[in-house]
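Reader: I am new to this structure and would be grateful for a close look at a single part of it, namely the aromatic rings and the nonpolar interior. Please describe that part in one connected account.

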Amino acid sequence: MARAYFIYGCPKESLETIQETIDLIREIKPLSTIFYILDIFPGTTLYEEYKKIFKVTDDIWLKRIEDIMYFETDPKLSEKSILEFGKKLRATYYEMLPEFVDSISLIDKKELYPMHSDFLSRLAMTFDHGDYSRIESMKKKDKIAEKLYKKSLKYHPDQRAYLGLGIAKQKSSNYKQSIKILAKGIKHFPNDQKLHLCIGISYINLREYKKALSYLLPFQESKEVLPYIENCRRAMDKFKSK
């Protein structure tokens, strides 16, 4: 993904300069960002100025310190203001991110379609159960992921996209729709264990245990699949005993 790195807490940092950073983010539309607070390191002008102002030498590194943050040396900046700047940058970025995702434009060349599909399904995963799924302030992550999975499949069959959509339908208890999607995926990826397991789980939820077993038994040696096979058999035995 296109990732942008930003350093804040620089000399003369203010709400105005933070807004300039936000404006730049809106312009370049990165799909991932990392924000750092400015550290002072040897070999830089800031470091030489720091030594002169505070009358220290390189021996400072003999002390138990990990870094020297610039704002700690600038009376015009405070820890509270720097933390607020970082909070504003991250919160605003997460608010804008869905818009950036919608604005993705991919080159329309058929030879690139498989890569487009792969990229979009991977991006969907970050909202589904990756890094972005853990951002509480970001709204409708599941909808963003579902939209990306569907867009992925418009370019090329993708195992990850079929699985993501199938699981999404399971989460909303729409097991029949989940089965329909996963069955399409299995046609393209007949030996994929995850797709078979997922469709088996959907059939289990519909209490169609024989159908579930037809998808699970080919992978009965798998430690991941075996418990579901045993659950099916117990349910079928219980039904026979009635």
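Author: Y93, Y94, F100, F127 and Y132 are linked into a cluster by ring pairs; the model in which this appears is a predicted one. Within the cluster, Y93 and F100 form a tilted aromatic pair, with 6.2 Å from centre to centre and 50 degrees between the planes. Y93 and F100 are both buried.

The search of the whole structure finds ten aromatic pairs. Another of these pairs joins F6 and F35, which are stacked, with their centres 5.5 Å apart and 20 degrees between the planes. Strand 1 (residues 3-8) holds F6 and strand 2 (residues 32-37) holds F35, so this pair ties together parts that are 29 residues apart in sequence. F6 and F35 are both buried as well.

The account now turns to the nonpolar interior. In soluble globular proteins, nonpolar side chains tend to be buried together. Here the largest nonpolar core comprises 61 residues. F127, a member of the ring cluster, is among the residues with the most contacts inside this core, together with L97, V101, L148 and L216. Helix 3 (residues 79-102) supplies the largest share of the core, namely eight residues.

L216 may be followed further. Leaving aside residues up to four places away in sequence, L216 touches H196, L197, G200 and I204, and also V225, Y228, I229 and C232.

Terms used
Residues are numbered from 1 along each chain as its sequence is written. This is a predicted model: local features need pLDDT of at least 70, side-chain atom pairs count only at pLDDT 80 or more; totals for chains, interfaces and linings use all residues. Side-chain values use heavy atoms; hydrogens and water are left out. A nonpolar core is a set of buried Ala, Val, Leu, Ile, Met, Phe, Trp, Tyr and Cys residues joined through side-chain atoms within 4.5 Å. Buried means under 20% relative accessible area, exposed over 50%, partly exposed in between (1.4 Å probe, protein chains only). Helices (H or I, at least four residues) and strands (E, at least two) are DSSP runs, numbered from the N terminus. Contact means heavy atoms within 4.5 Å. Rings of Phe, Tyr and Trp (its six-membered ring) pair if their centres lie within 6.5 Å; planes under 30 degrees apart count as stacked, over 60 as edge-to-face and the rest as tilted.
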